[in-house]
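Reader: I am new to this structure and should be grateful for a close look at one part of it, the salt bridges.

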Amino acid sequence: MLSFKEGLLDKTARSRGASTLRAGLIAGALLSGTGLATSAQAEEKVITAVMHSGLRVIDPVITTAHIVRNHAYMLYDVLIAVDENFTPQPQMASWAVSDDKLTYTFTLRDGLLFHDGAAVTAADAEASLKRWGVKDSGGQLIFDVTDTLTATDEKTLVWTLKEPYPPLIDTLAKQSALPPFIMPASVAATPATESISSFIGSGPFKFVEDEYQPGVSVTYEKFDEYVPREEPASWMAGGKVVYVDKVKWVTMPDSQTSINALLSGEVDYMEQVPVDLLPILDSSDEVVSELRDPLGYQSIGRMNFLYPPFDDVKIRKAAMMAISQQDIMGTLVGNPDYYKICGAVFGCGTPLEDETGAETLINGGDVEGAKKLLAESDYDGTPVVLMQPTDVPSISAQPIVAAQALRDAGFTVDMQPMDWQTLVGRRASQSKPSEGGWNIFFTNWGVPEINSPLINPMLNGRGNDAWFGWPTDDALEALRKDFIKAETLDEQVAVAKLIQAHAMDVVNYIPVGQYLVPQARSTKIVDMLPSPVPVFWNVKKED
């Protein structure tokens, strides 16, 4: 088996499998219960996919949950997009930059339509970008130096800056955490603090609203009037050509049930396969397991800076000191070929990798040191409300292991179980932890989502305008501006090291390791893009 550092994107894929065990009877019951097992599927090309989580929130601006981002890529398109070489490419629009680097002119390509048949205009792009800029960490930085953003005609959008902002194009092209999806202007007029109620997209699939069962299943159908680009598909860029009639996402919290359904042919794709279950797939010629990308995910713990006990930096440091990455990754993943101990806030294997300040995390934790530091603090036994998702395997172990480490250090821990989508909604609450709020939760980020201080959602010190946890950190904001001004990679690396040290010193968040997640698909599903984001354009389903 390949090690973590040997390039884990298995482009030839490995055929795996085993007996179907209980022949997917439980899965079949679930599928028929959601109305998916119908004769219509025999006449249509339908991909049935088990995603990592159910979908309940469907506005991609008010949350950074991956399932919502994945949903949005089905439904919406973007002006420019990054390809597999991390290079921005025209998608809905081309662009030109003035000599003084202050004016960016975007020109929409021909043939762009919304799902209701209306033409996509520059005014739609203007409204969508302005709504995105309220929430997105990188977008906030751009709008800090924006003079005007104006649609000058149906196809032309002019973005004028007060001062040069070199990363503007890279920020607009990023694949996560909040990509700037283009919606109708009437929809984008919804305040960024409120959820949209209309789901007319600009992308290759339409949302079948009357088949949507929140948290259970969601259906997308091909948008026949979508005009793909001519270039080959590459990550989020290029020609988004759809070869199937529908894609159905179904929710199966039990991984064994999902594997049974895949092996029996009742589903076609499983987004996340727990490493310890891969051997079940070892002998099947009808299933392929593979890795979507070589960098994988970083798992993190995020504290709430607004309320005790984690409004005290000394108490945050005690909590971080108690935690061992090895304990968490060993429990979560098990097989060391699929994880890496990594204390870099920008991820390991990236140009900005640095582990300053993460010594206790990567060296097994220091419970005794944590006890001492906690005793020196003003901690009064206030219960730590730790939200524990119970239905997503990739975030199930972290809270359990961390809770025990915190208790060993002297914290009182109130671990509250809930499904992931409940957690996604609750983490946006600024209520007191004793009144429905929270103190700490764990989540995961694809490494390309966090590999720069301009896009890493957690490295934002803007208080109520920051990511969940809401730290107010003027020093961090100053360092991010220094990074923008850096003209060479060496200068960026130097600033990134300062940010790493600062983030660990204030415990902006706790990186708890880097890991890889295999996916699995039927051999009937071919030409699936090896992308960090699972996408369903370019994919074919063979008979």
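With which residue does E231 form a salt bridge, and how far apart are the closest N and O atoms?

Author: The partner of E231 is R229, and the closest N and O atoms of the pair are 3.0 Å apart. A salt bridge here is a side-chain nitrogen of Lys or Arg within 4 Å of a carboxyl oxygen of Asp or Glu. The model is a predicted one, in which local features need pLDDT of at least 70 and side-chain atom pairs count only at pLDDT 80 or more, while totals for chains, interfaces and linings use all residues. Residues are numbered from 1 along each chain as its sequence is written, and side-chain values use heavy atoms, with hydrogens and water left out.

The two partners differ in exposure (buried is under 20% relative accessible area, exposed over 50%, partly exposed in between, with a 1.4 Å probe and protein chains only). R229 is buried because its relative accessible area is 18%, whereas E231, at 37%, is partly exposed.

By the salt-bridge rule, the structure has 21 such pairs. One of them joins D543 to K45, with 2.5 Å from N to O. This pair links distant parts of the chain, 498 residues apart: D543 belongs to the segment after β22 (540–541), and K45 to the loop between α2 (40–43) and β2 (46–50). Helices (α; H or I, at least four residues) and strands (β; E, at least two) are DSSP runs numbered from the N terminus. D543 is exposed, since its relative accessible area is 83%; K45, with 27%, is partly exposed.

Another salt bridge is formed by D419 and R56, whose closest N and O atoms are 2.9 Å apart. D419 is found in the loop between β17 (413–418) and α14 (420–426) and R56 in the loop between β2 and α3, so the pair ties together parts 363 residues apart in sequence. Both partners are partly exposed: D419 has a relative accessibility of 22%, and R56 one of 39%.

Salt bridges also join into a network, which links D144, R462, E477 and R480. R462 is, in addition, among the residues in contact (heavy atoms within 4.5 Å) with Q140, together with G133, V134, K135, N460 and D465, when neighbours of Q140 within four places in sequence are left aside. Q140 itself is placed in helix α5 (residues 137–144). Its relative accessibility is 5%, and Q140 therefore counts as buried.
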